[in-house]
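Have the structure open in a viewer with residue selection ready. The stops on this tour are pockets and the residues that line them.

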Amino acid sequence: MARRAAQHEERKAAVVAAATATFARLGYAGTTTKQLAADAARSTGRGFTPALLYHYFPGGKLELFAAVMRQFGPLRAFGQALREDADAPPEVYLLRVARVYLQTMEDPTAASLFRIVLTEGPRHPELAANLVGYVAPLFILPLAEYLARQADLGRLRPLPPLAAIFEFLGPLMTRALLGQLLGDTPLPLPLPDADTLVEHHVRTFLYGVTNDE
């Protein structure tokens, strides 16, 4: 019985690994259970049908995408980074979080999964509702709690939590996605490297852009 349960979990993990690449390549709407089954069969060397996928993931494509988001290593690492050293001052904590975020987004698969959440979530209410239960506890709540705590300590301006998160993560997301889209395409102005961007971004977030002493 224990061996059968272990095999069941191993096969589920193999399906998730194959589905990660499929979703990253085709997006959420463009991925079908037939394609997921075919890619799982090709990846594992086992016969998979859409019906067998439902055996492992009764919720179908929606449940499988949620499993991808939960188990994809770079995203889990970023979630962990948000919880580490959460008592550090903002100039230390935010600098580290920003660096880990950009490192995460350097992974093409991670960037693709983030794009799915941002661009396809609004068009697929069932996807958005399913992801809130995962994305909020992993990425949103830890950062919101940190920013609110620092505001209570007088270290940061008091802002609505989501407004503060958008203000902090928005420019980093833009830099990461722009880098993915452009590749080696030259720009009229040079795109700053990650370290330079992070240092300037954290400083701007904490102190603004004016020269007011």
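The lining of the largest pocket holds 19 nonpolar residues and 2 polar ones, with no charged residue among them. This is a predicted model, and the pocket in question has a computed volume of about 580 Å³.

To find the largest pocket, select Val117, Leu118, Val135, Ile140 and Phe166: of the 21 lining residues, these lie nearest its centre. Next, show the helices as ribbons and colour α7 (108-120), α8 (125-152) and α9 (161-182), the elements that each give two or more residues to this lining. Which of the elements contributes the largest share of the lining? Select α8, which supplies 7 residues.

Now move to the second largest pocket, with a volume of about 160 Å³. Select Leu156, Arg157, Pro158, Leu159 and Phe205, the closest to its centre of the 13 residues that line it. Keep α8 and α9 coloured and add α10 (194-207); each of these helices supplies at least two residues of the lining of the second largest pocket. The largest share here, 4 residues, again comes from α8, as the largest share did in the largest pocket.

Finally, colour the lining of the second largest pocket by class. How many of its residues are nonpolar, polar and charged? The count is 11 nonpolar, no polar and 2 charged. For the largest pocket, the corresponding colouring gives 19 nonpolar, 2 polar and no charged.

How values were computed:
Residues are numbered from 1 along each chain as its sequence is written. This is a predicted model: local features need pLDDT of at least 70, side-chain atom pairs count only at pLDDT 80 or more; totals for chains, interfaces and linings use all residues. Side-chain values use heavy atoms; hydrogens and water are left out. On a 1 Å grid over the protein atoms alone, a cavity is a set of points where a 1.4 Å probe fits but cannot get out, and a pocket is an open set with protein on both sides within 12 Å along at least five of seven lines; lining residues have an atom within 4 Å of a point. Grid points are joined across faces, edges and corners, and a volume is the space filled by probe spheres set on the points. Ala, Val, Leu, Ile, Met, Phe, Trp, Tyr, Cys and Pro count as nonpolar, Asp, Glu, Lys and Arg as charged, and the others, Gly among them, as polar.
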